[in-house]
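Below are my notes on the model under review, set out as numbered points. Please read them with the sequence and the coordinates open alongside.

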Amino acid sequence: MPKKKDNSDRPPGQEAEARSGGDKAMTERTKNTPAPARKPANKKGPAREEEKGPGFIVRTRQFFREVKIELKKVTWPSRKETMASTSVILVLVFIIALYLGLVDFGLSWALGLLIR
């Protein structure tokens, strides 16, 4: 059987604290400590305007400067490449339109036979 610890070196009021883990002392300290002072929230005023940063016009100018810089980095296709790509697209669009037109005509014809 384990021996009990001797609390004779502690004053009489602290014996209960030692057994309870000191929670009582902690709550007494927090009760007596004043809460930190809070600053009132300033929603309007000079401090609020400083947080906004640059104005609308300044930000717009900066945006267009950055757009100009990025557009200089773009590798643009040559006229020959552009004409070739456009030709391929136009031919494919014509072929797909022809196919869809034929399918539409065939389905309309078949539906007409079923209805008669």
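1. Is F64 buried or exposed? In this model, which is predicted, F64 is exposed, and its relative accessible area comes to 52%. The cut-off for the exposed class is over 50%, so a value of 52% places F64 in that class. For F63 the relative accessible area is 48%, and this residue is therefore classed as partly exposed.

2. These two phenylalanines also belong together in another respect, since the structure contains one aromatic pair. The ring centres of F63 and F64 lie 5.3 Å apart and the ring planes stand at 70°, so the geometry is edge-to-face. The angle that this class requires is over 60 degrees.

3. On the overall architecture, the chain has five helices and zero strands, and its order along the sequence reads α-α-α-α-α. Of the 116 residues in the chain, buried ones account for 1%. The area that the chain exposes is about 12,100 Å², with 63% of that area supplied by carbon and sulfur atoms.

4. A nonpolar patch on the surface deserves a separate comment. The patch covers about 710 Å² and is formed by V88, V91, L92, F94, I95, L98 and L102. One of these residues, F94, is located in helix α5, which spans residues 79-115. F94 has a relative accessible area of 59% and is accordingly exposed; membership of a patch calls for over 30% relative accessible area, so F94 meets that condition.

5. Turning to charged side chains, the structure contains one salt bridge, in which the side chains of E70 and K73 come together at a nitrogen-to-oxygen distance of 3.3 Å. The cut-off for such a contact is 4 Å, and the distance of 3.3 Å falls within that limit.

6. What separates E70 and K73 along their helix? Both residues sit in helix α4 (residues 56-73), and because they are three residues apart there, about one helical turn lies between them. As for their accessibility, E70 is partly exposed at 45%, whereas K73, with a relative accessible area of 57%, is exposed.

7. In summary, I would ask that the description of this predicted model keep the following points together: a chain with five helices and zero strands, one edge-to-face aromatic pair formed by F63 and F64, one salt bridge that joins E70 and K73, and a nonpolar surface patch that includes F94.

Key: Residues numbered from 1 in each chain as written. Predicted model: local features only at pLDDT ≥ 70, side-chain atom pairs only at ≥ 80, totals over all residues. Heavy atoms only, no water. Patch = residues over 30% accessible without salt bridge, like charges linked within 9 Å, V, L, I, M, F, W, Y side chains within 5 Å. Areas by Shrake-Rupley, 256 points an atom, 1.4 Å probe, with all protein chains shown as cover. Helix = DSSP H or I, 4+ residues; strand = E, 2+ residues; numbered from the N terminus. Buried < 20%, exposed > 50% of the residue type's maximum accessible area, 1.4 Å probe, protein only. Phe/Tyr/Trp six-rings, centres within 6.5 Å; stacked < 30°, edge-to-face > 60°.
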